Amino acid sequence: MITTKYEIRTDRIVGNRRLVLLSDLHNVPYGKVLKLTKAAEPDIILVAGDLVDRHRKTYRRVLPFLRECVAIAPTFFSYGNHEVKFPAISAKEFRSTGVTLLDNSWAYWNDLCIAGLTPYTLGDWLPDFERQTAFRILLTHEPEYYFEGPVLQDHDIDLILAGHVHGGQIRLPGNIGLFAPEQGLFAKYVHGQYGNMIIGAGLCNSARPLIPRINNPTEVVVVDLIGGKSN
């Protein structure tokens with residue numbers, strides 16, 4: 001497991017903010033994830049879905065994991081496709097951990113406006129979100145929404161954070177993934193920064209354990225927002 005850092009400069013905030021992006025835990029042990037997250041000293045933690053594992057029907061680590069995230073920093077959570085297809089944990093239970101649940105909704109933290117787009121929805125609320133005056137961050141578990149319906153790159157959003165594709169499982173030269181859900185073989189959008197979207201490689205080997213990860217370590221993502229305004 002590695003920590004990958006990005007830096008984004010903006011004049012929409014005063015001072016600096018450090019974000020940590022986590023996704024695709026799929027109910028695996030999380031001790032190293034928390035160690036790297038704590039070491040990053042984040043101002044906030046953003047969790048972009050797929051904490052449960054719908055294939056194995058497992059979820060017992062999810063709520064303890066979120067509680068430990070909240071103990072490190074304010075934590076915002078949005079659903080992944082596994083939570084939608086295997087709704088074993090209720091919204092009330094998620095909120096009981098202290099996280100802010102973003103289910104096609106947004107919330108403010110200081111001068112950041114953070115939203116979560118739930119998979120398989122149309123995002124009719126997005127125009128209202130993009131009119132917010134703060135620095136706007138959108139968690140969208142599936143990066144494909146950046147390119148196809150709703151086409152997020154056509155919206156006025158400052159930063160989009162995604163997961164879902166597990167780095168393409170086997171990463172080929174040119175940052176091409178051997179396979180990614182929805183994108184299929186030789187997927188182009190599997191890891192790193194594409195315009196104003198960052199895709200994390202996820203925190204587990206795979207929801208299907210027989211598929212290996214090669215040239216593709218699991219990852220904690222750190223994003224430093226560097227403010228351009230002065231008091």
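These numbered points go through selected features of the structure, which is a predicted model.

1. A good place to start is strand β8, which covers residues 135–140. Six of the six residues of β8 are buried, so the strand is largely enclosed by the rest of the structure. The burial holds on both faces of β8, with F135, I137 and L139 lying on one side, while R136, L138 and T140 lie on the other. A reader stepping through the strand will therefore find a charged-residue name, R136, listed among the buried positions as well.2. The neighbours of β8 can be followed on either hand. Strand β7, which spans residues 112–117, runs parallel to β8 and is joined to it by six bridges, and within this pairing A115 stands opposite L138 of β8. Strand β9, made of residues 159–162, also pairs with β8 in the parallel sense, here over three bridges, and the partner of I137 in β9 is L159. As general background, the strands of a sheet pair through backbone hydrogen bonds, and the pairing may be either parallel or antiparallel.

3. Strand β7 has a further pairing, with β6, and this one is antiparallel and extends over five bridges. A115, already met as the residue opposite L138, stands opposite W106 in the pairing of β6 with β7. The two strands form a hairpin with two residues between them, and in this hairpin N110 takes a positive phi near 50°.

4. Two more residues with a positive phi deserve a look when the backbone is checked, since most residues other than glycine have a negative phi. N104, with phi near 50°, lies in the loop between β5 (100–102) and β6 (105–109), and its relative accessible area of 24% makes it partly exposed. H164, with phi near 75°, lies in the loop between β9 and β10, and this residue is buried, at a relative accessible area of 5%.

5. An open sheet of three strands follows the order β10-β11-β12, and its pairing is antiparallel. The edges are held by β10 (171–172) and β12 (184–187), each of which has a single partner strand, so one side of each is left without a neighbour in the sheet. Between β10 and β11, the latter formed by residues 176–180, there are two bridges, and the bridge partner of R171 in β11 is G177.

6. Which residues make the nonpolar surface patch of about 340 Å²? The patch is made by F179, L185 and F186. L185 belongs to strand β12, which is one of the edge strands described above, and L185 is exposed, with a relative accessible area of 59%.

7. On the question of disulfides, the count for this model comes to zero. C69 is in no disulfide, because the nearest cysteine sulfur, that of C204, is 15 Å away, whereas a disulfide requires the two sulfur atoms to be within 2.5 Å. The same distance of 15 Å separates C204 from its nearest cysteine sulfur, that of C69, and C204 is likewise in no disulfide. C69 counts as buried, at 0% relative accessibility, and C204 is buried too, with a relative accessible area of 4%.

8. C204 appears again among the contacts of T218, a residue placed in the loop between β14 (197–199) and β15 (219–229). Leaving aside neighbours within four places in sequence, T218 is in contact with M1, I2, G202, L203, C204, N205 and R213. At 14% relative accessibility, T218 counts as buried.

9. Helix α2, which consists of residues 62–72, contains R67. This arginine counts as partly exposed, at 42% relative accessibility, and, when residues up to four places away in sequence are not counted, R67 touches S96 and T97. R67 and L101 are 34 residues apart in sequence, and their C-alpha atoms are 13 Å apart in space.

Terms used: Residues numbered from 1 in each chain as written. Predicted model: local features only at pLDDT ≥ 70, side-chain atom pairs only at ≥ 80, totals over all residues. Heavy atoms only, no water. Buried < 20%, exposed > 50% of the residue type's maximum accessible area, 1.4 Å probe, protein only. Helix = DSSP H or I, 4+ residues; strand = E, 2+ residues; numbered from the N terminus. Contact = heavy atoms within 4.5 Å. Pairing = 2+ DSSP bridges. Patch = residues over 30% accessible without salt bridge, like charges linked within 9 Å, V, L, I, M, F, W, Y side chains within 5 Å. Areas by Shrake-Rupley, 256 points an atom, 1.4 Å probe, with all protein chains shown as cover. Salt bridge = Lys/Arg side-chain N within 4 Å of Asp/Glu carboxyl O.
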